[in-house]
Amino acid sequence: VDFDPNELQLYFVDGDKNMLIFTDGAAADYSEEEATERAQQISLAFFRSIPGVRAVAQTDVEAFYAGDPAAYSVDEIIFSYPGLFAITVYRLAHELYVLDVPMLPRIMTEHAHSLTGIDINPGATIGNYFFIDHGTGIVIGETAEIGDDCLIYHGVTLGGTGKETGKRHPTIGNNVFIGAHSQLLGSFTVGDNVKIGSHCILYPGVRIYPGMVIGNNVILHAN
């Protein structure tokens, strides 16, 4: 296509060799030559990130195998588990997200969402050894942060309240368990080694200290 920074939202460089996606505001900052160079820089940075993504994905596989007694082999997990598929797509999309590539990361994670029922925004930050058990109905928002060695069950939402801007989703510490259908809404911190039962609702302003155990069907909100 002809390069017109005032009209194009998508600009393709060199056909199928490189692609750079602009918003219409950012496109005006680049000439065609600069856009080509930027596309090459982003492509190179993304490919350089892949070994690191693979290393982290290996920890996810290990977490699935260690955490699911119904898993009989690593191959079974890799080829059949929707949770691992959604996490892996997220991890690749997240690398593009941090490289400021718009649209494409969201297309990737929404495709995984449509296939698995697991909605992970590419902007979320997720540590190593992440295990999603079952997975259907999980929502992880853009500014959510999850530490290492965490396990969450189906139906869990790490979402917003619709009333916050900026940091608007929960921060989850290391080695945290979140039971099925629990809803953690808004910006607050869950400490390390916390266990949250099923069908809980936690709102902004609550203090979840390290090591706390929260039973099933608990609603917590700030006084």
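**Exercise 1. A pair within one helix**

In which helix do Glu110 and Arg106 both lie, and how many residues apart are they?

*Solution.* The model under study is predicted.
Step 1: Glu110 and Arg106 both belong to helix H5, which covers residues 104-116.
Step 2: the two positions are four residues apart, about one turn of the helix.
Step 3: their side chains meet in a salt bridge, with 3.0 Å from N to O.
Step 4: Glu110 has a relative accessibility of 27% and therefore counts as partly exposed. Arg106, with a relative accessible area of 42%, is likewise partly exposed.

**Exercise 2. A pair between two helices**

Determine which parts of the chain are linked by the salt bridge of Asp60 and Arg91, and whether these residues are buried or exposed.

*Solution.* Step 1: in the salt bridge between Asp60 and Arg91, the closest N and O atoms are 2.7 Å apart.
Step 2: Asp60 is placed in helix H2 and Arg91 in helix H4 (residues 82-98), so that the pair links distant parts of the chain, 31 residues apart.
Step 3: buried means under 20% relative accessible area. Asp60 and Arg91 are both buried.
Step 4: the structure holds four salt bridges, and the Asp60 pair is one of them.

**Exercise 3. A pair between two loops**

Explain why the salt bridge of Arg168 with Glu142 ties together separate parts of the sequence.

*Solution.* Step 1: Arg168 and Glu142 form a salt bridge whose closest N and O atoms are 2.6 Å apart.
Step 2: Arg168 is in the loop between S9 and strand S10 (171-172), while Glu142 is in the loop between S6 and strand S7 (145-146); the pair therefore ties together parts that are 26 residues apart in sequence.
Step 3: Arg168 counts as partly exposed because its relative accessibility is 25%. Glu142 is also partly exposed, at a relative accessible area of 23%.

**Exercise 4. Two open sheets**

State the strand order of the six-strand sheet and of the four-strand sheet, and identify the edge strands of each.

*Solution.* Step 1: the open sheet of six strands has the order S3-S6-S9-S12-S15-S17, and its pairing is parallel.
Step 2: its edges are strand S3 (119-120) and strand S17 (219-220); each has a single partner strand, so one side of each is left without a neighbour in the sheet.
Step 3: within this sheet, S6 (residues 139-140) and S9 (residues 157-159) run parallel and are joined by two bridges. Ile140 has Leu158 in S9 as its bridge partner.
Step 4: the open sheet of four strands follows the order S4-S7-S10-S13, again with parallel pairing.
Step 5: strand S4 (125-126) and strand S13 (189-190) are at its edges, and because each has a single partner strand, one side of each lacks a neighbour in the sheet.
Step 6: two bridges connect S10 and S13, and Thr189 in S13 is the bridge partner of Thr171.

**Exercise 5. Two surface patches**

Which residues make the nonpolar surface patch, and which gather in the patch of negative charge?

*Solution.* Step 1: Tyr65, Val74, Ile78 and Phe79 make a nonpolar surface patch of about 420 Å².
Step 2: helix H3 (residues 74-80) gives the most to this patch, with three residues. Ile78 has its place in helix H3 and counts as partly exposed because its relative accessibility is 45%.
Step 3: the patch of negative charge on the surface gathers Glu32, Glu33, Glu34 and Glu37.
Step 4: Glu32 is found in helix H2 (residues 32-67); at 43% relative accessibility, Glu32 counts as partly exposed.

Notes: Residues are numbered from 1 along each chain as its sequence is written. This is a predicted model: local features need pLDDT of at least 70, side-chain atom pairs count only at pLDDT 80 or more; totals for chains, interfaces and linings use all residues. Side-chain values use heavy atoms; hydrogens and water are left out. Patches are made of residues with over 30% relative accessible area and no salt bridge: like charges are joined within 9 Å, nonpolar side chains (Val, Leu, Ile, Met, Phe, Trp, Tyr) within 5 Å. Accessible areas come from the Shrake-Rupley method with a 1.4 Å probe; for residues, only the protein chains shown count as cover. Lys and Arg count as positive and Asp and Glu as negative; His and the chain ends are not counted. The place of a charge is taken as NZ of Lys, CZ of Arg, CG of Asp or CD of Glu. Buried means under 20% relative accessible area, exposed over 50%, partly exposed in between (1.4 Å probe, protein chains only). Two strands pair if DSSP finds at least two bridges between them.
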